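Let's walk through this one piece by piece, starting with packing and ending with backbone geometry. Have the viewer open as you read.

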Amino acid sequence: MELSTLLPFLANVIVGGLVLGFVYAIIALGYTMVYGVLQLINFAHSEVFVTGAVVGFEVFRVLAPVNMNGYLKLLIALLAAMTISGLLNVIIERLAYRPLRGAPKLVPLITAIGVSLILQDVLRVIEGFQGRFDLTYTLPNGFAAPFCGPESSCVGLGKFLTGIGVSLQLKDVILIIVSLLSLAVLNYIVNRTRMGKAIRAVAQDRVTAGLMGIDGNRMISATFLIGGALGGISGVLFGMKFGTVNAYSGFIPGVTAFTAAVLGGIGSIPGAVLGGLLLGVLEKLIGVSNVFGELLGIKNLAVIDDSYSKLGAFIALVLILIFKPTGLLGKSNVEKV
Amino acid sequence: MTATLQKQPRASAPDRTILLVLFFIVTSAFLLVSHNGDLLSQMGAIGTALKNPIVEALMVSLFLANVLFAYLWKAAPWARALVGVGSLLFVLPAAGREDTSLLDLSIQIMIFAALALGLNIVVGLAGLLDLGYVAFFAVGAYTWGIVGSPRFAEILKYFGENPGGTNAGTLAIGLVLTVVTAASMLYINRLTSRAAPTAATAWSFRLASVGLVAGVILTVRAILVLMAPQADGLANGLNAGFFWLFLALSIFAAAAVGVLIGLPVLKLKGDYLAIITLGLGEVIRVLANNLDLYSAGSQGITPIKSASVPWFDAAAGALGFAPDQYYLLFLYVLVLVMIGLILTVNVRLDRSRIGRAWIAIRDDEVAAQAMGVPLMQTKLIAFATGASFAGVMGMIFAAKQQFISPESFVLNQSIAILSMVILGGMGSFPGVILGAAVVTLLNLRILPGLGEATANISWIPQQANPGQLQRLIFGAILVAMMLLRPEGLLPSRRRQLELHHDDNQEDESAQGNAGALGTASGDVYSAGYAPAKEDDKAGGSR
């Protein structure tokens with residue numbers, strides 16, 4: 001590959017990685033919020049997120065023949081996914097985790113794995129009734145079009161990006177905007193509202209917060225609701241980005257997003273976003289290692305192709321946990337005896 | 001304490017010798033009849049009823065319950081021995097002669113029982129939640145799968161074409177590197193056992209371990225290159241006589257991988273350990289999927305040989321087995337012996353110093369460390385022991401299936417094994433064997449049987465066919481056990497003592513102990529239990 005084509009290629013890879021990273025970041029927020037409050041890895045979150053994706057698919061499918069603005073359809077899909085995923089998460093918490101409050105850590109963790117397995121099959125059966133397994137998203141017209149159409153119509157950042165040869169689609173831009181919006185709303189809720197303050201208090205010390213008149217269980221439910229709603233959003237975004245979803249497709253993005261949460265420092269909201277973006281870019285870069293291998297003449301690098309790209313998250317996970325278990329933005333947790 | 005750990009049926013329990021023997025005779029008769037195709041076809045309507053997949057699954061389950069009852073019930077020793085030995089050594093093979101799938105099923109159950117026993121050491125005794133356990137199973141399976149199949153010739157051919165460097169020289173360097181680094185690792189280990197480890201010793205140990213891996217890789221590579229001219233002669237893999245050598249090797253290979261994975265990750269605790277082992281298990285699966293040269297990628301390796309023991313084959317032939325059943329019968333006996341060995345090792349370990357150290361770590365890591373338990377070493381031994389059981393069973397699995405592919409080593413397998421351990425009762429050996437039997441039966445007989453039986457019922461849709469609801473059922477088992485009976489079906493005696501005090505036991509220290517296990521403190525990373533209901537300290541929101 002020529003050096004002159006390398007720069008646009010790299011820019012493309014990085015922008016693609018960032019778009020992917022936003023999806024991971026929003027999923028990671030669901031893990032990180034629950035972990036922050038309960039110190040529990042909610043393994044079921046990957047299925048909550050797939051539920052959001054399935055709801056989004058159903059909304060788009062039902063609305064496909066309806067003559068309606070594409071953005072309105074997207075809004076409806078997002079709201080429906082948020083509601084259902086959020087409620088699902090609350091129900092899971094109420095039935096499976098709350099009775100185990102105070103049990104040794106392994107117990108809720110195993111329950112979470114169990115819930116995740118149950119949800120996988122339930123989703124498969126529900127969709128299977130309609131004879132569907134791989135759900136292919138049919139987006140409203142125009143969403144797959146290139147961002148800002150002909151180059152002459154671009155302005156500002158769009159012009160710069162297309163100028164260096166990055167091809168962005170409209171859905172990618174929508175994805176970034178939705179992610180940023182939900183981040184802003186989450187930030188507002190957690191840092192500016194009374195409920196956010198209460199959630200943070202519960203996360204810090206449930207007993208003391210209880211003494212101050214905060215209903216711990218209600219706040220945990222609220223956290224699960226918010227986390228589930230974020231899962232719903234990320235599900236729709238995931239469906240838009242990848243096009244197909246099935247009941248079992250939550251596992252890999254789930255682990256990747258969890259890695260993102262750990263990478264940024266689990267329990268930290270900006271950390272989850274940072275981790276998600278880094279992992280998105282990393283995944284894209286590993287996927288194109290063969291290009292670099294050819295470029296640099298390294299034979300062993302040249303065999304690493306897209307099929308290895310999912311390994312990026314796992315290897316990153318291992319390295320982070322070994323060398324900096326607190327993550328990039330996390331605070332170290334002193335062990336008390 | 002040891003005396004109380006022995007299984008003692010309550011004195012008041014009625015003697016069930018006659019019931020046990022009767023049950024054994026009846027279920028054995030049914031099993032023998034229902035798997036004898038000729039007999040069934042002569043029996044008309046009854047034969048058809050017995051052939052029904054649900055009835056068949058029920059028969060097998062009832063028959064296997066014999067062994068459980070022989071263990072649980074209070075009966076004369078001779079009756080318990082008769083039922084145990086008779087059903088496993090005589091009735092099962094006899095029924096398996098008519099229907100090989102029964103032998104296959106029993107091997108599968110025992111493989112999973114061994115896996116569950118291995119995971120039980122890691123999770124149940126040492127309290128380290130390992131979600132990538134099936135990786136060690138894969139290591140064992142691929143160790144024999146590669147050399148015991150035509151794949152070996154392919155690899156040799158590749159190395160013959162790409163020798164890279166002089167072979168004798170590479171071999172010498174590799175051997176020297178291996179020996180030197182292993183020696184230095186041992187030396188550093190001895191140093192650190194006397195004095196506190198410093199940064200220098202820690203780093204040189206890591207450096208030496210990297211060197212050891214490099215040395216082993218160089219050596220293996222050189223050997224492969226040197227063997228390359230024999231590629232044509234090995235077109236069907238190594239001589240089956242090497243099975244025994246590799247049976248030993250697979251133990252070491254899996255244990256070595258266990259140590260390799262364990263060394264970096266065992267510093268982590270609780271859910272971090274769970275997620276990192278999950279990640280590593282997935283890494284091994286992706287590697288098996290992508291290293292086409294060694295693992296044939298997603299196509300898988302086939303055919304894989306099994307050992308051939310001439311006198312055993314002759315004996316099997318004399319007993320009326322067909323030649324294509326010899327290898328299954330052989331593996332059945334082998335796996336029975338292996339289970340016996342593994343169980344013995346388990347029981348011995350449990351009562352040994354190391355077993356008590358594991359339990360101490362599970363219950364309170366910090367306290368155990370303060371009492372002088374070497375954390376890292378003890379955890380590594382647990383990991384390596386569990387891994388070695390998985391390795392050996394992986395190899396037997398490869399020989400039984402004659403085919404392995406990355407599909408057999410997915411996360412769901414790890415979770416299935418975990419659910420066996422939890423269902424049976426963490427830390428309890430008979431419990432996890434029971435768990436393995438129940439889950440495997442459920443997976444291989446009962447659910448498919450139900451699925452087959454309901455396939456033609458119109459109001460049960462194809463999508464909700466019980467045969468396809470494995471995940472749902474696993475998940476429900478995990479959740480229900482955690483919520484309702486976290487100690488498992490056959491809880492370990494020791495844990496029962498820890499968690500369920502009789503009211504007449506007024507031991508203050510024991511009371512405190514139970515409290516500590518159940519408190520809401522997030523620092524106790526015990527593999528343990530949801531607090532027992534009578535433990536009001538743990539109530540939380542209850």
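How close do the axes of helix α14 of chain A and helix α13 of chain B come, and at what angle do they cross? Keep in mind while looking that this is a predicted model.

## Helix packing between the chains

Here's the answer: the axes of α14 (residues 311-323) of chain A and α13 (residues 270-290) of chain B come within 9 Å, and they cross at roughly 140°. That angle makes α14(A) oblique to α13(B), because the roughly antiparallel label is kept for angles over 145 degrees. As for handedness, α14(A) passes α13(B) in a left-handed crossing.

On the chain A side, the contact is made by A:Leu311, A:Phe314, A:Leu317, A:Val318 and A:Leu321. Chain B brings B:Tyr272, B:Ile275, B:Ile276, B:Gly279, B:Leu280, B:Glu282, B:Val283, B:Val286 and B:Leu287 from α13(B). Sort the residues of this contact by class and you get 12 nonpolar, one polar and one charged.

## Chain B in outline

Chain B comes to 24 helices and zero strands. It has 542 residues, and 51% of them count as buried. If you take the contacts in chain B with a separation of 6 or more, residues 24 or more positions apart account for 79% of them.

For a single-residue view, try B:Ser34, which sits in helix α2 (residues 17-34) of chain B. Is B:Ser34 buried or exposed? Its relative accessible area is 4%, so B:Ser34 is buried. Leaving aside residues up to four places away in sequence, B:Ser34 touches B:Leu40, B:Leu50 and B:Met59.

## Helix packing inside chain B

Now for a helix pair within one chain. The axes of α9 (residues 151-161) and α11 (residues 199-227) of chain B come within 8 Å and cross at roughly 95°. With that crossing angle, α9(B) and α11(B) are therefore roughly perpendicular to each other.

Which residues meet where α9(B) and α11(B) touch? From α9(B) there are B:Phe152, B:Ile155, B:Leu156 and B:Phe159, and they meet B:Arg221, B:Leu224, B:Val225 and B:Met227 of α11(B). By class, this contact has seven nonpolar, no polar and one charged residues.

## Aromatic pairs

Over all chains, the structure holds 25 aromatic pairs. Take A:Phe133 and A:Tyr248: their ring centres are 6.0 Å apart and their planes are at 65°, so this pair is edge-to-face. A:Phe133 lies in the loop between α4 (106-129) and β1 (135-136) of chain A, while A:Tyr248 lies in the loop between β2 (244-245) and α10 (251-264) of chain A, so the pair ties together parts that are 115 residues apart in sequence. Both rings belong to partly exposed residues, with A:Phe133 at 37% relative accessibility and A:Tyr248 at 26%.

A:Phe238 and A:Phe242 make another pair, with ring centres 4.7 Å apart and planes at 40°, so this one is tilted. These two are four residues apart in helix α9 (residues 216-242) of chain A, which means they are separated by about one helical turn. A:Phe238 counts as buried at 7% relative accessibility, whereas A:Phe242, at 37%, counts as partly exposed. Over in chain B, ring pairs link B:Trp144, B:Phe243, B:Trp244, B:Phe246, B:Trp311, B:Phe312 and B:Phe330 into a cluster.

## Backbone geometry to check

Which peptide bond is cis, with omega near -10°? That's the one from B:Thr302 to B:Pro303. B:Pro303 lies in the loop between α14 (292-295) and α15 (310-318) of chain B.

Two glutamines are also worth a look for their phi angles. A:Gln39 has a positive phi of about 55° although it is not a glycine, and it lies in the loop between α1 (3-38) and α2 (45-63) of chain A. B:Gln402 has a positive phi too, of about 60°, again without being a glycine, and you'll find B:Gln402 in the loop between α19 (375-401) and α20 (411-424) of chain B. Each is partly exposed: A:Gln39 has a relative accessible area of 36%, and B:Gln402 comes in at 31%.

Conventions. Residues are numbered from 1 along each chain as its sequence is written. Chains are lettered from A and ligands numbered from 1 in the order in which they are written. This is a predicted model: local features need pLDDT of at least 70, side-chain atom pairs count only at pLDDT 80 or more; totals for chains, interfaces and linings use all residues. Side-chain values use heavy atoms; hydrogens and water are left out. Axes are lines fitted to C-alpha atoms, for helices over the stretch in contact, and angles run from 0 to 180 degrees between N-to-C directions. Angles under 35 degrees count as roughly parallel, over 145 as roughly antiparallel, 65 to 115 as roughly perpendicular and the rest as oblique. A crossing is left-handed if the near helix is turned anticlockwise from the far one by less than a right angle, and right-handed if clockwise. Contact means heavy atoms within 4.5 Å. Ala, Val, Leu, Ile, Met, Phe, Trp, Tyr, Cys and Pro count as nonpolar, Asp, Glu, Lys and Arg as charged, and the others, Gly among them, as polar. Rings of Phe, Tyr and Trp (its six-membered ring) pair if their centres lie within 6.5 Å; planes under 30 degrees apart count as stacked, over 60 as edge-to-face and the rest as tilted. Buried means under 20% relative accessible area, exposed over 50%, partly exposed in between (1.4 Å probe, protein chains only).
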